[in-house]
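New to this one? Open the sequence and the 3D view side by side, and let's take a walk through the inside of the molecule.

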Amino acid sequence: MMKLWTNAHLATLAGAQPWGWIEQGALITQGAHIVWVGEADQVPAELRGQITASYDLAGAVITPGLIDCHTHLVYGGLRAKEFEQRLQGASYEEIARAGGGIRSTVSATRAASEDELFEAAAGRLRHLLAEGVTSIEIKSGYGLSLAAERASLRVARRLGEHFDVTVRTSYLAAHALPPEFAGRQDDYVSALCDWMAQLHAEGLIDAVDAFCEGIGFTPAQTRRVFEAAHRLGLPVKLHAEQLSDQGGTQLACEFAALSCDHLEYLSPAGIAAMAASGCVATLLPGAYYFLRETKLPPVQALREAGVSIAISTDHNPGTSPTLSLLLMLNMACTLFRLTPEEALRGVTVNAAKSLGLADRGQLLAGQRADFCVWDVQHPNELAYFFGRNPLRQVVQGGQLRGEAF
């Protein structure tokens, strides 16, 4: 079935025009893909004759579907108490070393059933979908055992089957050291690499991630994780340079990492490595804000080096409990000084690149027909407002979300 979507202002994010703007535009979709984009009065006659359904978008602004490319959506429990502790003066590192932080979430996650994890994550996912998210990355990393990591990844896959959203999974067992491996960090790395092969064989892993940090894993241990991923043909990503410069970015780029994320302490050498490898810089303003950080990621240097910048919620219970990707657009502008267009590109075309998804993120012929219909005058309003959701409708794979496929 060929469909015409017309009477719209298009932010295609393609071409030389700012925003890829088409003032009076139209889209034609066939099945799950876009087959034509352009001025509404220039629809090719050979396509017009094949159109079987037409949608008048009443002058709305259309953007590509939003992509939340770094989340930890599956977990048990909450950590509001730690939020209170930080406000009383404790640092994130102090809380983690005292047994809080990631380890407390691990305990709650292990205690939950798959159904309980699914129901909790589904509630969170609904908030993100309501703001126009059409693709999302979900990490494991709160199980830290074969059984619990498997459960988390199974829940992530189940979310993608249950909701109109594309889910990409990342295996993040190299997130923290579980209590049963206390004092045996290298042994744990060996174990998680063995689990990786098993879980990949079960079809549960799309990419492999690690937390390379003083309170996480050393560069040498991270290298072992990436070597195991490389042997399995899995792409890698990295939590890098969030609290200190560990040189993790350069290491990740050796393995052609899809992205390096956080990057507050990113060095010039790290930037050069990212520029040379094509690695995406995923910035996480929610975590920066929630942890009251003061060390800004080197945005201008990334721009000058031509490194693609993505933006994400980093939704997690300890350092970024936000469920609003639209709020992250505003924070990326106000905290990191991105332009509104850079911020929107960060949750569309660059976010897609950070997940290795070349078939979405722009409104172009051949791309997936994932797009959002907004009640705004211009796409810069998506970053300008906060606390307002102007989403009117989502089209996912060429279907209005909620329609039967």
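What follows is a tour of pockets, cavities, rings, cysteines and a few buried spots.

A little housekeeping comes first. This is a predicted model, where local features need pLDDT of at least 70 and side-chain atom pairs count only at pLDDT 80 or more, while totals for chains, interfaces and linings use all residues. Residues are numbered from 1 along each chain as its sequence is written, and side-chain values use heavy atoms, with hydrogens and water left out.

Let's begin with the empty spaces. They are found on a 1 Å grid over the protein atoms alone: a cavity is a set of points where a 1.4 Å probe fits but cannot get out, whereas a pocket is an open set with protein on both sides within 12 Å along at least five of seven lines, and lining residues have an atom within 4 Å of a point. Grid points are joined across faces, edges and corners, and a volume is the space filled by probe spheres set on those points.

The largest pocket comes out at about 240 Å³. Its lining includes Arg-86, Tyr-92, Glu-93, Tyr-265, Phe-290 and Arg-292. Sorted by class, that lining holds six nonpolar, one polar and four charged residues. For this sorting, Ala, Val, Leu, Ile, Met, Phe, Trp, Tyr, Cys and Pro count as nonpolar, Asp, Glu, Lys and Arg as charged, and the others, Gly among them, as polar.

Now for the closed spaces: there are three cavities of 30 Å³ or more. The largest cavity has a volume of about 130 Å³. It is lined by 14 residues, and the closest to its centre are Tyr-92, His-175, His-239, Gln-242 and Thr-319. Here the lining splits into four nonpolar, eight polar and two charged residues.

The second largest cavity has a volume of about 70 Å³. Tyr-92 turns up in this lining too, along with residues including Ala-96, Ile-102, Arg-103 and Phe-211. Helix 3 (92-97) and helix 4 (102-111) each give at least two residues to the lining; helices here are DSSP runs (H or I, at least four residues) and strands are too (E, at least two), numbered from the N terminus. By class, you'll find six nonpolar residues, one polar and one charged around this cavity.

On to the rings. How many aromatic pairs are there? The count comes to 10, where rings of Phe, Tyr and Trp (its six-membered ring) pair if their centres lie within 6.5 Å, and planes under 30 degrees apart count as stacked, over 60 as edge-to-face and the rest as tilted. Phe-83 and Phe-290 make a stacked pair, at 4.8 Å centre to centre with 15 degrees between the planes. This pair ties together distant parts of the chain, with Phe-83 in helix 2 (residues 80-87) and Phe-290 in helix 11 (residues 285-290), 207 residues apart. Phe-83 is partly exposed at 35% relative accessibility, while Phe-290 is buried at 17%. Those words follow relative accessible area (1.4 Å probe, protein chains only): buried is under 20%, exposed is over 50%, and partly exposed is in between.

Tyr-384 and Phe-385 form an edge-to-face pair, 4.8 Å centre to centre and with 70 degrees between the planes. Tyr-384 is exposed at 59%, and Phe-385 is partly exposed at 31%. Elsewhere, Phe-181, Tyr-188, Trp-195 and Phe-217 form one aromatic cluster.

Rings can have charges over them as well. The charged end of Arg-124 sits over the ring of Tyr-75, 3.6 Å from its centre, and that of Arg-158 sits over the ring of Phe-118 at 4.1 Å. The rule asks for NZ of Lys or CZ of Arg within 6 Å of the ring centre and within 35 degrees of the ring normal.

What about the cysteines? The disulfide count is zero, a disulfide being a pair of cysteine sulfur atoms within 2.5 Å. Cys-253 makes no bond because its sulfur is 4.3 Å from the closest cysteine sulfur, in Cys-279. For Cys-333 the closest cysteine sulfur, in Cys-69, is 16 Å away, again too far for a bond. Cys-253 is buried at 11%, and Cys-333 is buried at 15%.

Last stop: two buried residues. Val-376 lies in the loop between strand 13 (371-374) and helix 16 (381-384), and is buried at 5%. Its C-alpha atom is 9.1 Å from that of Gly-59, 317 residues apart along the chain. Ser-135 belongs to strand 6 (residues 133-139) and is buried at 1%.
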